[in-house]
Amino acid sequence: MRYEIKGEPTPVVICHVESGETMITESGSMVWMTPNMEMQTSAGGSLGKAFGRIFSGERIFQNLYTARGGPGMVAFASSFPGKICAVEITPQRPIIAQKCAFLAAEQGVELSAFFQRKLGAGFFGGEGFIMQKLSGRGVAFLEIDGHGEEYTLAPGERLVVDTGNLAYMDATCSVDIQMVKGAKNVFFGGEGVFHTVVTGPGKVVLQTMPINALAAALAPLLPHNNN
């Protein structure tokens, strides 16, 4: 599979596949393809895996696009302004991503639910108790809300992240929560009550414009129906 990522801030990834090669994606992500790309809808394995995707913010069914009779092309578009990141998944390097980050991948990549080890991190850390785990082998494409900034953390090195700004990280990293210190900071600082703390070792990618933060900022500007 060869790919091109074009068109930020509303990007698309164009995948060129060989005959018999398959791409998987969430329903609704495909935007154009050659006529020889055959689509099949699948629950993606066991019932447990399917419901695990629901818990991690994805849909129960996935679409599989396979080139038949020769090379083909299929394109997948981001659902939100930002960027698309290509990530190489290997058995030695699974990753953990925010809900709804998954866009598409080669067929060897498996998508499942990832439960935070510490309940506090799930309930208060802003990333949700359940995130996505991508494992197996192949290239996966992830959606980043806004700009994505990458850091590589040494063992034990920590990074404090505002709610919702964690896009994805190596599975070797861990997530916890940290309460904002000082009553004045909590009530008037505008940063909420908790911060997410990511501890290395591993790579961390942060996003600048989480969709939930954008929605909260736009809500007061939208007309309200009083009926």
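Visitor: Why does Cys 100 count as partly exposed?
Guide: Its relative accessibility is 44%. Buried means under 20% relative accessible area, exposed means over 50%, and partly exposed lies in between (1.4 Å probe, protein chains only). Cys 100 has 44%, so partly exposed is the right class. This is a predicted model: local features need pLDDT of at least 70, side-chain atom pairs count only at pLDDT 80 or more, and totals for chains, interfaces and linings use all residues. Residues are numbered from 1 along each chain as its sequence is written, and side-chain values use heavy atoms, with hydrogens and water left out.

Visitor: What makes Cys 173 buried?
Guide: Its relative accessible area is 4%. That is under 20%, so Cys 173 is buried.

Visitor: How many disulfides does the rule give?
Guide: The count is 0. A disulfide needs a pair of cysteine sulfur atoms within 2.5 Å.

Visitor: What makes the pair of Tyr 3 and Phe 141 edge-to-face?
Guide: The search of the whole structure finds 2 aromatic pairs. In the pair of Tyr 3 and Phe 141, the centres are 5.1 Å apart and the planes stand at 75 degrees. Rings of Phe, Tyr and Trp (its six-membered ring) pair if their centres lie within 6.5 Å; planes under 30 degrees apart are stacked, over 60 edge-to-face, the rest tilted. Both values meet the rule, so the pair is edge-to-face.

Visitor: Where in the chain do Tyr 3 and Phe 141 lie?
Guide: Tyr 3 is in strand S1 and Phe 141 in strand S13 (residues 138–145). They are 138 residues apart, and the pair links distant parts of the chain. Strands here are DSSP runs of E, at least two residues, and helices are runs of H or I, at least four, numbered from the N terminus.

Visitor: Is Phe 141 buried or exposed?
Guide: Phe 141 has 0% relative accessibility and counts as buried. Tyr 3, at 37%, is partly exposed.

Visitor: Why is the pair of Tyr 65 and Phe 76 edge-to-face?
Guide: The ring centres are 6.0 Å apart and the planes at 65 degrees, so the pair qualifies. Tyr 65 lies in strand S6 (residues 62–67) and Phe 76 in strand S7 (residues 72–77), so parts 11 residues apart in sequence are tied together. Tyr 65 is buried at 3%, and Phe 76 is buried at 0%.

Visitor: What makes S1 and S4 edge strands?
Guide: The open sheet has 4 strands in the order S1-S2-S7-S4, with antiparallel pairing. Strand S1 (2–6) and strand S4 (30–33) each have a single partner strand, so one side of each lacks a neighbour in the sheet.

Visitor: How do you know that S1 and S2 pair?
Guide: Two strands pair if DSSP finds at least two bridges between them. S1 and strand S2 (residues 12–17) have 5 bridges in the antiparallel sense, so they pair. Tyr 3 stands opposite Cys 15 in S2.

Visitor: Why is Ser 135 called buried?
Guide: Its relative accessible area is 18%, so Ser 135 falls under the 20% limit. Ser 135 sits in strand S12 (residues 130–136). Not counting residues up to four places away in sequence, Ser 135 touches Ile 89, Pro 94, Gly 108, Val 109 and Glu 110. Contact means heavy atoms within 4.5 Å.

Visitor: Which elements have the lowest and the highest mean pLDDT?
Guide: pLDDT is the predictor's confidence in each residue, from 0 to 100. Helix H3 (residues 183–188) has the lowest mean, 41, and S2 the highest, 98. Residues 182–192 are below 50, with 8 contacts beyond near neighbours in sequence. Where pLDDT is low, the predicted coordinates should not be read in detail.
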